[in-house]
Amino acid sequence: MKKRKRHSRGVFNTVTSCISTTLVLILLGIVVFFVTTAANLGRTVRENFTIQVMLSDSVDAAQTRRLQAELCRLPYVRRVDYTSKEAATREQAEALGTDPAEFLGTSPIPASFEIHLKADYANNDSLSRHIPALSGRNEVIDVVYQKDLMDNVNHNIRQISLVLLVVAVLLAFVSFSLINNTMRLNIYSRRFTIHTMKMVGARRSFIRRPFMARAFWIGVVSAVLADGLLAGGIMLLLDWDPALAGLIDTVVWAGTMGVVAVCGILLTLVCAFFSVNKHLRMDTAQVYVS
């Protein structure tokens, strides 16, 4: 009867530890998910910045193709779109409701390239080193981009990233503390077993082994449960708004699931190791007092 009761208590403690660890890992996974998604959002916003390169009317088709090929090879260029003089005039006429060529005799709107920037170069410090060479070309009459908007957006992205980083560090510390407390309580309930094994001369590694094995499986089960619940939540989020698929890429999936799995196993093992060692160092009086 006592053996069955002890077994039931041990199963209950293990299940409780799994549930507690799973909830903590879900919290940690949510933090990683938002941090990685925010990083993708920041990169997407930066990649939406463009540079308008206005071309001289004297540039012919061959020169245009050659210049576009050269622009595509520049290190800061992600994509180059060409808009002819006629297409730009039509777009402007549709926007204004009137064709400027009707009263000017000719269209003042030049052909242009729209350069889509790589995220790492979408800042004024980088562009200030590259724009002079671009604007100095004979085919180019002007280079236009939104300097103030770029500065404001980059400043806001840095501020938001800093806040998210601080929150992530704090929640990671909280997660470690909660998992540590869970494992300490689990091992504390078996402190007399540890003391008895120590009294009969069992080696520390032998005493520690079953606790480490239990901690490992608690970490594995908790990580699998947490990853499953997080994956389900992400899928529901994508069903609710399919446009988020551009932000929730394989990096977000791998980062979220991987961090949860690694932390679930590693933290439970580390916490169990130090908790068992704490009880191994206790003498008889400390075991009964604690």
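Let me start with one term: contact, or touching, means heavy atoms within 4.5 Å. Keep that in mind. One more thing before we go on: this is a predicted model.

First stop, Thr-21. Find Thr-21 in helix H1. Is Thr-21 buried or exposed? Buried here means under 20% relative accessible area. Thr-21 has a relative accessible area of 0%, so Thr-21 counts as buried. And what does Thr-21 touch? Leave out residues up to four places away in sequence, and the list is Ile-179, Thr-182, Ile-218, Ser-222 and Thr-268.

Next, the nonpolar cores. The largest one has 27 residues. Six of them touch the most other members: Leu-25, Ile-179, Met-183, Ile-234, Ile-248 and Ala-272. Where do the core residues come from? Helix H1 (2-47), helix H6 (147-188), helix H8 (204-240) and helix H9 (250-280) each supply at least two. Which helix gives the most? That is H8, with 10 residues.

Take Ile-234 as an example. Again setting aside residues up to four places away in sequence, Ile-234 touches Phe-33, Ile-248, Trp-253 and Met-257. There is also a second, separate core. That one has 23 residues, including Ala-122, Leu-127, Met-150 and Val-153.

Now the sheet. It is open, with 4 strands. Read across it and the order is S2-S3-S1-S4, with antiparallel pairing. Why do two strands have a side without a neighbour in the sheet? Strand S2 (77-83) and strand S4 (140-144) stand at the edges with a single partner strand each, so one side of each has no neighbour there. On average, neighbouring strands are turned by 20 degrees against each other, direction ignored.

Let's look at the pairs. S1, residues 50-55, and S3, residues 112-117, pair over 5 bridges, antiparallel. Within that pairing, Thr-50 has His-116 of S3 as its bridge partner. Gln-52 stands opposite Glu-114 in S3. S2 and S3 also pair in the antiparallel sense, over 6 bridges. There, Arg-79 stands opposite His-116 in S3. So how covered is S3? Mostly: 5 of its 6 residues are buried.

Last, the helices on the sheet. Helix H2 (residues 61-72) packs on the sheet and touches S1, S2 and S3. The direction of H2 makes about 160 degrees with that of S2. Helix H5 (residues 124-135) packs on the sheet too, touching S1, S3 and S4. For H5, the angle with the direction of S4 is about 160 degrees.

That's the tour. Thanks.

How values were computed:
Residues are numbered from 1 along each chain as its sequence is written. This is a predicted model: local features need pLDDT of at least 70, side-chain atom pairs count only at pLDDT 80 or more; totals for chains, interfaces and linings use all residues. Side-chain values use heavy atoms; hydrogens and water are left out. Two strands pair if DSSP finds at least two bridges between them. Axes are lines fitted to C-alpha atoms, for helices over the stretch in contact, and angles run from 0 to 180 degrees between N-to-C directions. A nonpolar core is a set of buried Ala, Val, Leu, Ile, Met, Phe, Trp, Tyr and Cys residues joined through side-chain atoms within 4.5 Å. Buried means under 20% relative accessible area, exposed over 50%, partly exposed in between (1.4 Å probe, protein chains only).
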